[in-house]
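Subject: Structure handover

Hi,

Here is the structure I promised to pass on. Please open it alongside this note. My findings follow below.

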Amino acid sequence: MADGGGRWERRTVLRRAGLLAGGAVLGAGATAQSAWIADRRLPLAGGPASATLGSDRQQVGDGGVSVVWAARTEQSLVALTFDDGPRPHWTPMVLDTLDRYAVPATFFLVGQWAWRHADIVRGRLGRHEVGNHSWAHHDLARHDAAEVHDDLRRSHDAITEAAGVAPRLLRPPYGHLGGAVLHAAARLDYRLVLWSLQMVERQYPDDPAGHARRIVAGVQPGTILLAHDVGDDRRLVALRGLPDLITGLRDRGFTFVTVSELLRRASLSRADG
C-alpha cells in the first residue's frame, strides 16, 4: 500500500506542476495582452485610434485626407523618396549623387534634424520636394490627435524654415496610421504618402550592385520607392548603389519624378483616358 500511495502522490505532484506551468504560460500571455491593451490606451474615444477630437465642430481643413502607396499609371514613372534626415554624414552624399545624375527626389524630413542641420538642405533642394516625417520620429500612432497635431505643426514650421518651402506631404514614422494621424493630417491639409517598394539592404550586405539590381527589377510604373538618408552602416549598401539603381531604371525606360509630380501626372493621365 505504501508503494501505491507513493505512486499516486507523485502523480498528484506532477499534475499540479503541469497545471502551474500551464497557468504560468497563460498568465504570461494575459500579461502581454494586458500590456498591449494598456499601450493602446483604451478606451478608444479621444485616444490614438480616434479620428475625432471632442464633440465640437471638427477643424479639419477641407474635411478629408488621401492616403497613397503608389500611383495608378501606365507611364514609366518612379518616385524616389528618402526618410529620416537631414543628417551631416549621409544626406550630402545623397544630394551629391542626385545632382550628378539630375534626379529629383522627395525628402521626408524629421523636424528636429531640419532645425539642427538646416545648412545641409538650405539651397540644395531646387529640383526636390520635402515632406513632413514628424518632429522626433516617435510613433504617432501611439498619441492622441492633439499631440499628433502639435508634433506635426512644430515639425512643419522647422522644415519650412530650413527648406524655404512648406511641406504638403506627410509620411508618419514606420508607416503607422492611426485615427489621430488621419485627423491631424486633415487638419494640416496634408496628403499621406506611404510606399509600394523599399530598399532591402540587410539582404545584400556589402553588395551595392546586387541590391540595386534587386530594386530595379522590382520597380513598376507608379512605384513610390522608400530609402533612407540616415541609419547604420548596413543602409549604405543602398546609397552606394544609387548610381547603379538610377542607370538601371533609366535603361528600363523609367523617369524619376517627385511624389507630387508622380501623382499629378497619373491624375492627368486618368482624366485624359
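The chain has 10 helices and 9 strands. Please keep in mind that this is a predicted model.

**Overall**

Of the 273 residues in the chain, 46% are buried. The chain exposes about 14,400 Å². Carbon and sulfur atoms supply 52% of that exposed area. Now take the contacts in the chain with a separation of 6 or more: 77% of them are between residues 24 or more positions apart.

**F82**

Start with F82, which sits in strand 2, residues 77–83. Is F82 buried or exposed? F82 counts as buried because its relative accessibility is 1%, and the cut-off for buried is under 20%. Leaving out residues up to four places away in sequence, F82 touches V94, L98, A105, T106, F107, F108, A227, H228, D229, L239 and L242. One of these partners, F108, is 26 residues from F82 along the chain. The C-alpha atoms of F82 and F108 are 6.1 Å apart.

**Helix 2**

Helix 2 covers residues 91–101. Its buried residues are T91, V94, L95, T97 and L98. Why do they fall on the same side of helix 2? They do so because they span an arc of only 160° around the axis. The general rule helps here: an α-helix has 3.6 residues a turn, so residues three or four places apart point the same way.

What covers the buried residues of helix 2? The cover includes strand 2, strand 3 (106–109), helix 4 (118–121), helix 8 (236–240) and helix 9. Just after helix 2, A102 takes a positive phi of about 55°.

**Helix 9 and its two partners**

Two crossings involve helix 9, residues 242–251.

The first to look at is with helix 2. The axes of helix 2 and helix 9 come within 10 Å and cross at roughly 30°. That crossing is right-handed. Helix 2 contributes V94, T97, L98, R100 and Y101 to the contact. Helix 9 contributes L242, P243, I246, T247 and R250. By class, the residues of this contact are 6 nonpolar, 2 polar and 2 charged. Note that V94, L98 and L242 also appear among the residues touching F82.

The other is with helix 7, residues 208–218. Here the axes of helix 7 and helix 9 come within 8 Å, and the crossing angle is roughly 35°. Helix 7 also passes helix 9 in a right-handed crossing. On the helix 7 side, the contact uses A209, A212, I215 and V216. On the helix 9 side, it uses D244, L245, G248 and L249. This contact has 6 nonpolar, 1 polar and 1 charged residues.

**Backbone points to check**

- G85 and P86 are joined by a cis peptide bond, with omega about 0°. P86 lies in the loop between strand 2 and helix 2.
- S134 is not a glycine, yet has a positive phi of about 85°. Look for S134 in the loop between strand 4 (129–132) and helix 5 (145–163). S134 counts as buried because its relative accessible area is 0%.
- Y174 is not a glycine either, and its phi is positive at about 65°. Y174 is placed in the loop between strand 5 (169–170) and helix 6 (179–187).

Best wishes

How values were computed. Residues numbered from 1 in each chain as written. Predicted model: local features only at pLDDT ≥ 70, side-chain atom pairs only at ≥ 80, totals over all residues. Heavy atoms only, no water. Helix = DSSP H or I, 4+ residues; strand = E, 2+ residues; numbered from the N terminus. Buried < 20%, exposed > 50% of the residue type's maximum accessible area, 1.4 Å probe, protein only. Contact = heavy atoms within 4.5 Å. Areas by Shrake-Rupley, 256 points an atom, 1.4 Å probe, with all protein chains shown as cover. Axes fitted to C-alpha atoms, helices over the stretch in contact; angles between N-to-C directions. Left-handed = near helix turned anticlockwise from the far one by under 90°. Nonpolar A, V, L, I, M, F, W, Y, C, P; charged D, E, K, R; others polar. Arc of directions from axis to C-beta.
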